[in-house]
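Biologist: Please show me the model, and let us then discuss how its parts meet.

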Amino acid sequence: MNLFQPGHLIATICFNASLLGGITGVADEPFRPEIGEFPPLEESLSWRGELVFVDHANRRGSIRIQGEGTYFRNSPHPFAMLPCGIVRYHGAPAELRDIPLGTVLHARAYLPPDPQTSAVPVLPVDSRRKNSGYSGAGIYPAENHVLLLEDEPSSCVREGHVWKLQHLEIRDNAGSIVARREAKADSAERADAETMTFDAATRVWRGRECLGIADLVSDGIWPAAGKVVLNDQAVLLGVTWKPTASDVFTRFHVSDIWLDETAMQRAAERQSQSHRAFIRSRWMPAVIDAVEYGKFGRATVTATLFGGMDQSLYDDFRKDISAMMNGVENTLKHTGGSYGPAHMASRGTLVNVTKLPGEIPLGSSGIQIRFETDLIVEGIRPGRVVRVCPGNWPQVNLPREEYIGDGSDPKARFPGPAIFPKY
Amino acid sequence: MACWLIAVLTAVLVPTGVRAGDSGTESAQPSAGAGDVFRPQAGEFPPLDKAHAYRGELVFVDHANRRGSIRVEGTGVFRANDPHPFAMLPCGIVRYHGATAALRDIPLGTVMHVRGFLPPDPAISAVPVLPVDNKLRDANHNRGAGVFPAENHVLLLEDEISRCLREQKIWRLLELQISNRQGMIAARCESLQGNQAASAAETMTFDAATRIWRGREYLAVDDLIAEGSWPAEGKQNLAGQGVYLGITWKPTPGGIFTRFHISDIWLDEDAVGRTARIQKETHKAFIRSRWIPAWVDSVEYGQFGKAIVTATLFGGIDESLYADLKEGERAMMAPSENTLKHWAGGSAGTSQIASKGPILKVLKSGREPPLGSSGIQITFETDLVTEGIRPTRVVRIRPAAWPDLHVPREEYLQDSRAGHEDRFPTPAIFPTY
């Protein structure tokens with residue numbers, strides 16, 4: 001048999017092509033969240049960095065991501081919250097507007113679900129592997145659509161970690177602390193120690209007190225100058241970044257120290273109260289699972305409430321109470337809104353509220369509602385995001401930048417990445 | 001003939017000094033006296049009495065370019081007012097919690113008091129340039145007038161407590177109405193000495209997230225109820241209790257045009273002092289890494305790059321930092337822009353291309369300096385003056401003894417890679433509604 005006979009050659013080529021196609025077919029496609037679904041956490045990319053810019057009305061901002069190289073050179077990296085994305089600050093639900101610039105945040109992020117309507121730049125899928133000169137690799141991940149964004153104490157509380165202080169060096173109310181982030185419960189594992197700076201602006205929280213470094217020194221707890229061993233004292237830390245000397249690639253700064261659980265719980269409660277008031281005025285976001293249309297505008301809508309909110313908000317969703325539902329965009333901005341979100345919302349009754357069985361993915365509350373209305377509006381369609389308001393929540397009007405208006409400007413619905421400077 | 005030619009060339013090529021205001025400096029805009037329109041001049045601190053005063057809620061911040069947006073309080077429906085872009089003047093001062101701050105330190109939602117001016121140079125304004133009478137125009141849709149002033153270049157931006165401390169005022173709490181850890185407080189802002197007419201009483205909301213500061217304590221409404229200072233439900237006369245307030249805005253029910261919200265209550269001077277100290281230390285650390293801003297008053301050129309530069313330091317910075325600039329000690333001076341961004345060259349940051357040399361003189365004005373100025377003028381000698389160190393231009397200065405810290409990427413312009421839009425950011429970032 002002569003393989004170079006045309007017929008045999010063609011067959012060989014086709015066979016090889018099918019092998020290649022098969023290899024390509026089974027090669028990993030990059031994971032993208034699906035519209036209307038909660039993405040699995042294990043498919044996310046983790047990174048952390050300093051919050052540098054916030055466009056809170058469009059739920060996006062920029063973070064300087066920690067990589068392998070010199071940190072200060074890393075350009076701020078745009079990110080957008082997924083519609084179901086959760087922000088946590090001080091161990092409680094939050095919004096981007098609640099987080100001070102400079103706060104170091106932990107992110108779990110994905111590729112853009114829909115690159116065409118991405119509110120942040122769309123990068124090559126392997127962007128996280130690209131070396132950026134002095135900055136090293138990993139600082140520009142294409143995974144810039146965030147499911148979970150949390151500050152250091154929130155990350156620790158969620159993972160059952162604390163910071164164990166090893167020793168510190170202090171002079172003139174400033175210095176450095178060496179600490180390890182480890183499991184709260186005794187564990188044989190030892191994490192690597194990290195050195196961070198602190199200064200006279202560092203806040204120390206103890207019970208009901210808000211102290212400064214000067215207070216710890218005057219109370220005799222820390223020395224005025226010198227070194228002291230801290231014997232694995234367990235605390236929670238707020239972490240930020242301040243400029244470092246040129247010979248230090250990356251070193252973070254301690255903005256807050258919570259010395260005890262009471263202090264941390266009080267901070268969490270304040271933040272929780274703030275977010276509760278926010279959600280009551282902006283309404284609870286949800287994703288539409290199904291719509292059953294009736295006649296003359298009637299419909300029964302099934303929706304899953306987004307997760308991460310305070311339980312008392314979910315408790316307000318009860319069977320047979322009145323409710324309103326309004327279409328929103330991926331930025332969670334209300335459509336219409338010139339006369340308040342209630343103006344254009346569908347009104348009706350919650351005919352059922354159920355807790356979904358099984359494990360609840362991050363981003364979901366696990367609570368599904370069935371809502372019956374006599375006038376369904378555009379925007380309430382499967383896979384689309386809505387906001388829902390139980391009848392007992394106060395009726396307020398929203399500030400101008402948080403609603404879309406009549407939607408005649410596509411940029412209001414789908415903000416583009418042009419706002420972000422290029423470096 | 002040869003001597004004449006040499007004399008002409010010398011006069012043209014080797015000026016012995018250039019001062020602000022000479023021809024060849026940046027073109028002046030219509031100044032005071034040109035009609036009724038006042039614009040700040042480059043290199044001059046604008047008089048506060050020419051400022052337009054307004055207040056509003058901080059809605060957006062682009063801290064790297066020292067600009068943002070404020071929802072300005074007008075005569076109509078507050079929540080309908082579009083966020084109004086503003087830019088800090090180079091000498092503009094931000095104050096938060098009774099101490100100097102940077103825009104990045106201020107939480108979104110904070111109500112700020114503004115003293116603003118027209119753009120000094122509309123051609124390079126980082127925010128939209130509006131008709132000069134815009135503050136008089138009705139914004140329609142029940143928003144009233146005054147919500148989009150053309151005076152969007154800010155000399156002073158301060159939160160409520162900073163304003164009260166500066167003007168020696170205090171809030172007197174009149175009455176409280178509370179239910180389920182939230183409610184309303186009626187209060188009046190008046191002078192500490194009681195020698196001025198008090199303002200009309202204002203009703204503001206509070207809720208369970210409101211922070212209360214007392215001495216070292218960080219309290220909540222729950223704590224005041226638990227200890228019996230406030231009732232759990234109902235009304236209480238607060239008898240003019242003197243406090244300081246932090247004010248923000250939250251959406252209000254009931255069709256109210258404008259009602260603000262209390263974010264913080266400082267119950268005593270100790271609490272106020274402690275809060276101010278934290279902010280002061282935050283800003284001190286900030287300036288040590290970003291250097292002291294100033295503008296150049298004059299440059300006397302020597303030969304082969306030598307120059308003696310006289311500059312006035314901008315105001316509002318902690319005295320201890322000014323004190324670090326001492327006669328006879330070495331310093332560094334680097335060019336900056338109106339955004340106060342650094343110029344960085346190569347891989348070594350601002351220091352690499354900064355002019356270096358000794359401080360020859362430090363002069364403190366005997367009079368109260370204008371707002372924006374420290375009243376401190378330094379004379380600095382360098383063996384290599386750089387472009388950008390020219391009269392009326394903004395520079396950054398630090399004592400050589402300060403640690404050499406690298407500012408982050410968004411806060412510096414990188415040599416020839418920085419385009420004109422990096423030096424002079426345009427208003428394109430601001431959405432239109």
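Modeller: This is a predicted model, in which local features need pLDDT of at least 70 and side-chain atom pairs count only at pLDDT 80 or more, while totals for chains, interfaces and linings use all residues. Residues are numbered from 1 along each chain as its sequence is written, and chains are lettered from A and ligands numbered from 1 in the order in which they are written.

Biologist: How many residues does each chain bring to the contact between chain A and chain B?

Modeller: Two residues are in contact if their C-beta atoms, placed from the backbone, lie within 7 Å. The contact takes 42 residues from chain A, and from chain B 44 residues.

Biologist: Which element gives the most to the side of chain A that touches chain B?

Modeller: Helices (H or I, at least four residues) and strands (E, at least two) are DSSP runs, numbered from the N terminus. On that side of chain A, β11 (209-212) and α4 (261-282) each supply at least two residues. With five residues, the element that gives the most is α4(A).

Biologist: What separates the centres of domain 1 and domain 2 of chain A?

Modeller: Domain bounds come from an automatic or database domain assignment. Chain A is divided into domain 1 (41-155), domain 2 (161-267) and domain 3 (283-415). Taken over C-alpha atoms, the separation between the centres of domain 1 and domain 2 of chain A is 25 Å.

Biologist: How many residues does each of these two domains of chain A give to their contact?

Modeller: Domain 1 of chain A contributes 14 residues. From domain 2 of chain A, the contact takes 13 residues.
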